[in-house]
Amino acid sequence: DRVQYAEMIIAQLPKESIVKYRGGVGNDARLAATIAASQKKGAQDEKALASWSTSLRTAEGFADKVDEAEEEHGVPMNRIVFRTVNKLGVSISSISEYEGEDEVLTTGNAKYRHTGEYKVIEYNGNDYHVFTLEELTP
């Protein structure tokens, strides 16, 4: 299975301690739940391989997919970005077909804890909800 093979390779490669970002969208309920988790310094887990970027602008680009998400789900969406210092992922920029994304692939068993740091950043007339996480080593 390709996923298991990727997980095995990621586990064996050296990990660079760099800041990485992951952007996405969420409805008002998801945003409220994420804010509450941040305030409580709660846990957050990834269930599958996750693609992050060392570029905040790239993560914001993924968070900008609100129009598509609103059309698909029929409810307003918010731009959400997570920020953490890498401990578990490996850069795949040299082999990624998405040149310029500065991609870092992280294993599916990654666990995170909210640090309580949350801010809203305005960029190009849009609000981005940015949450800082601590990436926990297994």
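How exposed is Lys119, in terms of relative accessible area? Lys119 is partly exposed, with a relative accessible area of 42%. The legends below describe a predicted model, starting with the whole chain and then moving to single residues.

**Figure 1. Overview of the chain, which contains four helices and eight strands.** The order of these elements along the sequence is α-β-α-β-β-α-α-β-β-β-β-β. Along the principal axes, the C-alpha atoms occupy a box of roughly 40 × 35 × 25 Å. The radius of gyration is 15 Å, which agrees with the value near 14 Å for a compact globule of 138 residues. Of the 138 residues, 38% count as buried. Among contacts between residues at least 6 apart in sequence, 77% join residues at least 24 apart.

**Figure 2. Surface and charged side chains of the chain.** About 8,200 Å² of the chain is exposed, and carbon and sulfur atoms supply 50% of this area. There are 16 positive and 23 negative side chains. The centre of the positive set and the centre of the negative set lie 9 Å apart.

**Figure 3. Lys119 in strand S7.** Leaving aside neighbours within four places in sequence, Lys119 is in contact with Tyr128, His129 and Val130. One of these, His129, is 10 residues away along the chain, and its C-alpha atom is separated from that of Lys119 by 6.0 Å. The relative accessible area of 42% makes Lys119 partly exposed.

**Figure 4. His114, a buried residue of strand S7.** Strand S7 spans residues 111–123 and includes His114. The relative accessible area of His114 is 2%, so this residue counts as buried. Its side chain is joined to the side chain of Gln44 by a polar contact of 3.1 Å. With residues up to four places away in sequence not counted, His114 touches Thr34, Ala37, Ser38, Lys41, Gly42, Gln44, Phe82, Phe131, Thr132 and Leu133.

**Figure 5. Ala37 in helix H2.** Once neighbours within four places in sequence are set aside, Ala37 is in contact with Gly42 and His114. Ala37 thus also appears in the set of residues touched by His114. Ala48 is 11 residues from Ala37 along the chain, and the C-alpha atoms of the two are separated by 20 Å.

**Figure 6. Lys41 in the loop between helix H2 and strand S2.** Helix H2 covers residues 28–39, and strand S2 covers residues 43–45. What is the sign of phi at Lys41? Lys41 has a positive phi of about 55° although it is not a glycine. Most residues other than glycine have a negative phi. Lys41 is also among the residues that His114 touches.

**Figure 7. Glu46 in the loop between strands S2 and S3.** Strand S3 is formed by residues 50–53. Is Glu46 buried or exposed? At 17% relative accessibility, Glu46 counts as buried, because the cut-off for buried is under 20%. Beyond its neighbours within four places in sequence, Glu46 is in contact with Arg22, Gly108, Asn109, Ala110 and Tyr112.

**Figure 8. Ser93 in the loop between strands S5 and S6.** Strand S5 consists of residues 90–91, and strand S6 consists of residues 103–106. Ser93 is partly exposed, with a relative accessible area of 33%. Which residues is Ser93 in contact with, leaving aside its neighbours within four places in sequence? They are Asp102 and Glu103. For Glu103, the backbone nitrogen lies 3.2 Å from a polar atom of the Ser93 side chain. Lys15 is 78 residues from Ser93 along the chain, and their C-alpha atoms are separated by 14 Å.

**Figure 9. Asn124 in the loop between strands S7 and S8.** Strand S8 covers residues 126–136. Asn124 is exposed, with a relative accessible area of 64%. Asn124 is not a glycine, yet its phi is positive, at about 55°.

How values were computed. Residues numbered from 1 in each chain as written. Predicted model: local features only at pLDDT ≥ 70, side-chain atom pairs only at ≥ 80, totals over all residues. Heavy atoms only, no water. Helix = DSSP H or I, 4+ residues; strand = E, 2+ residues; numbered from the N terminus. Buried < 20%, exposed > 50% of the residue type's maximum accessible area, 1.4 Å probe, protein only. Polar contact = N/O pair within 3.5 Å; in protein donor to acceptor, adjacent residues only side chain to side chain. Contact = heavy atoms within 4.5 Å. Rg over C-alpha atoms; globule rule 2.2 N^0.38 Å. Areas by Shrake-Rupley, 256 points an atom, 1.4 Å probe, with all protein chains shown as cover. Lys, Arg positive; Asp, Glu negative; His and termini not counted. Charge placed at Lys NZ, Arg CZ, Asp CG, Glu CD.
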